[in-house]
Amino acid sequence: MGKFVPKNKHKFDGRSCIYRSLWERKVMLYCDRSPSVVRWSSESIAIRYWDSDSERYRSYYPDFVIEYIDKQCQVRKKIVEVKPYYQKRWRKNKDKWKAAEEWCKHYGYDFQVITEKEIKP
């Protein structure tokens, strides 16, 4: 765990930038350095979801919200969650991600879970 200090402060749209894993730090570095990333934030939105384990509503704070320019030069928005691959099967995460997918569909965002398999060393 640590604090990330963006070099391109004009791209970071948030209060604090704390990473909880080195994988999250790599995503932060990518967002800070990539010319295709227009704006990004960390844990900046809350999505309500039904936690089927505790049988109550909770709030989910996705790792990143990223606004970027895609290969067709269109501005897109995406919510990105960074997790170890083995956690993709956890029911709690499935509950969160189902809510995130619905939220994204409603607001015109994409949703992506990335694991160590997608993050290059």
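Here is a friendly walk through this predicted model, told as questions and answers.

User: Happy to start broad: which pattern of helices and strands does the protein follow along the sequence?

Analyst: The protein holds two helices and eight strands. Read from start to end, these elements run in the order β-β-α-β-β-β-β-β-α-β.

User: What is the radius of gyration, and how does it stand against the globule rule?

Analyst: The C-alpha atoms fill a box of roughly 40 × 30 × 30 Å along the principal axes. For 121 residues the globule rule gives 14 Å, and the protein comes close to that, so it is as compact as a globular protein of that length. The radius of gyration is 14 Å.

User: What share of the 121 residues is buried?

Analyst: Let's look at the outside as well: the protein exposes about 8,100 Å², with carbon and sulfur atoms supplying 49% of it. Among contacts with a separation of 6 or more, residues 24 or more positions apart account for 52%. As for the buried residues, their share is 43%.

User: How far apart are the end C-alpha atoms of helix H2?

Analyst: Helix H2 covers residues 91–107, which is 17 residues. At 1.5 Å a residue the expected span is 24 Å, and the model agrees with this. The end C-alpha atoms are 24 Å apart.

User: Which strands are included in what covers the buried residues of H2?

Analyst: The buried residues of H2 are Asn93, Asp95, Lys96, Trp97, Ala99, Ala100, Trp103 and Cys104. In a helix of this kind, residues three or four places apart point the same way, because an α-helix has 3.6 residues a turn. The cover over the buried residues of H2 includes S4, S5, strand S7 (75–82) and strand S8 (110–114).

User: Which residue follows H2 with a positive phi?

Analyst: Just after H2 the backbone takes a phi near 80°. The residue with that positive value is glycine 108.

User: Where is glutamate 43 found, given that its phi is positive although it is not a glycine?

Analyst: Glutamate 43 has a phi of about 50°. Its relative accessible area is 28%, which lies between the 20% and 50% cut-offs, so glutamate 43 counts as partly exposed. Its place is the loop between strand S3 (37–42) and S4.

User: Is glutamate 55 buried or exposed?

Analyst: Glutamate 55 is in the loop between S4 and S5, and its phi is near 55°, a positive value in a residue other than glycine. Its relative accessible area is 60%, and the cut-off for exposed is over 50%. Glutamate 55 is therefore exposed.

User: Is the aromatic pair of tyrosine 49 and tyrosine 60 stacked or edge-to-face?

Analyst: A search of the whole structure finds eight aromatic pairs. In the pair of tyrosine 49 and tyrosine 60, the ring centres are 6.5 Å apart and the planes meet at 85°. An angle over 60 degrees counts as edge-to-face, so this pair is edge-to-face.

User: Which strands does that tyrosine pair link?

Analyst: Tyrosine 49 is buried, with a relative accessible area of 3%, and tyrosine 60 is buried at 3% too. The two are eleven residues apart in the chain. Their pair links strand S4 (residues 47–51) with strand S5 (residues 56–60).

User: Which ring does the charged end of lysine 117 sit over?

Analyst: The charged end of lysine 117 lies 3.8 Å from the ring centre. The ring is that of tyrosine 85.

Technical notes: Residues are numbered from 1 along each chain as its sequence is written. This is a predicted model: local features need pLDDT of at least 70, side-chain atom pairs count only at pLDDT 80 or more; totals for chains, interfaces and linings use all residues. Side-chain values use heavy atoms; hydrogens and water are left out. Rings of Phe, Tyr and Trp (its six-membered ring) pair if their centres lie within 6.5 Å; planes under 30 degrees apart count as stacked, over 60 as edge-to-face and the rest as tilted. Helices (H or I, at least four residues) and strands (E, at least two) are DSSP runs, numbered from the N terminus. Buried means under 20% relative accessible area, exposed over 50%, partly exposed in between (1.4 Å probe, protein chains only). A charge sits over a ring if NZ of Lys or CZ of Arg is within 6 Å of the ring centre and within 35 degrees of the ring normal. The radius of gyration is taken over C-alpha atoms; the globule rule is 2.2 Å times the number of residues to the power 0.38. Contact means heavy atoms within 4.5 Å. Accessible areas come from the Shrake-Rupley method with a 1.4 Å probe; for residues, only the protein chains shown count as cover. The expected span of a helix is 1.5 Å times one less than its number of residues.
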